[in-house]
Amino acid sequence: GSLGSWYLSPAVYGREVGYTLDSVFTMTTESGADSEAKQPQANKKAEKGKTKAAADPASPQKQPEQLPAAVGHSTPARKEQEQQEEDQESHRSSTSRLSRSPLRGVKKVKMMQCKIALLDGSDYTVNVEKRGKGHVLFDKVCEHLNLLEKDYFGITYRDVENQKNWLDPSKELKKQIRTGPWNFAFNVKFYPPDPSQLSEDITRYYLCLQLRDDVVSGRLPCSFATHTLLGSYTVQSELGDYDPEELGSDYISEIRFAPNQTKELEEKVMELHKTYKGMTPAEAEIHFLENAKKLSMYGVDLHHAKVTSYNEVVTLSTFSQHKIFTFVQHDGQLVK
């Protein structure tokens with residue numbers, strides 16, 4: 001080897017080994033045969049030096065200098081391993097702190113169960129956030145009904161005085177429903193002046209359901225002839241063509257189409273129903289709407305109003321989406 005591959009401490013120079021750098025240099029530059037001949041002699045000198053050094057342990061000059069392990073020789077792999085260990089320890093510490101400390105600033109979302117009475121007589125139940133706004137509930141109902149033309153409809157609820165109110169889509173639900181269960185109803189809010197202009201059949205269907213309920217409840221007053229006509233279209237829409245073998249003789253009594261439904265009215269409705277053979281339910285609904293829109297109270301939504309009395313004359317006001325009416329009650333009669 002060369003001189004650069006040897007490392008000797010100062011204490012080794014003269015005391016422990018017994019030869020100088022000159023002799024080392026000479027030894028390393030000699031031939032292989034000479035080196036082998038001198039090797040036993042060098043080993044004996046080294047053993048003698050070690051024995052002499054052991055006999056005098058008190059002298060600090062005789063102790064070999066202890067150098068730090070791997071000084072100046074740290075490899076990149078070792079540094080990378082140490083960095084990974086530090087990263088893992090930091091990750092464990094952070095995870096432990098997160099698991100011990102509760103989440104701050106996160107409010108628990110409170111959900112409320114809403115029950116909505118639909119126009120076909122069924123109920124729809126859905127959960128909404130208590131702080132959610134009215135349009136959230138309305139959109140969920142429209143999605144459930146596959147309703148696209150939403151502008152004609154709305155949601156109503158009853159207050160503590162049992163008065164009907166329209167749900168405000170821009171306000172929070174909890175600010176509108178103060179007490180009691182969250183029960184609602186899905187209704188037509190704006191009656192179209194020309195129902196034939198509606199784009200969707202399902203929109204006309206729900207409008208028909210609302211008008212049928214208006215007629216049966218008495219909110220939409222009709223003459224006997226009008227009850228007969230509207231009732232016949234209702235039966236055609238619900239049951240289709242008249243079939244005596246399938247329907248029987250008193251099938252009309254199962255369908256409500258007037259507030260005071262008499263046997264005479266049902267017979268007149270059956271007579272008209274028999275003439276509608278081939279009319280589809282959608283066509284029957286269109287005919288129903290075309291006749292219902294001609295009624296004077298079509299689209300009028302009555303509301304309780306503040307009563308003002310002048311000489312025993314009571315004034316009540318109501319409105320629809322198109323017009324405002326004032327009714328005067330005098331001597332037990334309601335005069336427009």
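**Reading a predicted model**

Modeller: Before you ask anything, this is a predicted model. The protein averages a pLDDT of 75, and 60% of the residues score at least 70.

Biologist: What makes you wary of residues 57-62?

Modeller: Over that stretch the pLDDT is below 50, on a confidence scale from 0 to 100. The model still gives residues 57-62 seven contacts beyond near neighbours in sequence. Where pLDDT is low, though, the predicted coordinates should not be read in detail.

Biologist: And what is the pLDDT over residues 317-323?

Modeller: Under 50 there too, and the model has 26 contacts beyond four places in sequence for residues 317-323.

Biologist: Okay, on to Asn146. Why is Asn146 called exposed?

Modeller: The cut-off for exposed is over 50% relative accessible area. Asn146 comes in at 59%, so it counts as exposed.

Biologist: Where is Asn146 found?

Modeller: In the loop between helix H5 (134-145) and strand E3 (153-158). Thr203 is 57 residues away from Asn146 in sequence, but their C-alpha atoms are 9.7 Å apart in space.

Biologist: How much of the protein counts as buried?

Modeller: Buried means under 20% relative accessible area, and 30% of the 336 residues count as that. The protein exposes about 22,900 Å², with carbon and sulfur atoms supplying 51% of it.

Biologist: What does the secondary structure come to, and what share of contacts links residues 24 or more positions apart?

Modeller: You get 10 helices and 10 strands. Among contacts with a separation of 6 or more, 54% are between residues 24 or more positions apart.

Note on methods. Residues numbered from 1 in each chain as written. Predicted model: local features only at pLDDT ≥ 70, side-chain atom pairs only at ≥ 80, totals over all residues. Heavy atoms only, no water. Helix = DSSP H or I, 4+ residues; strand = E, 2+ residues; numbered from the N terminus. Buried < 20%, exposed > 50% of the residue type's maximum accessible area, 1.4 Å probe, protein only. pLDDT = per-residue confidence, 0-100. Contact = heavy atoms within 4.5 Å. Areas by Shrake-Rupley, 256 points an atom, 1.4 Å probe, with all protein chains shown as cover.
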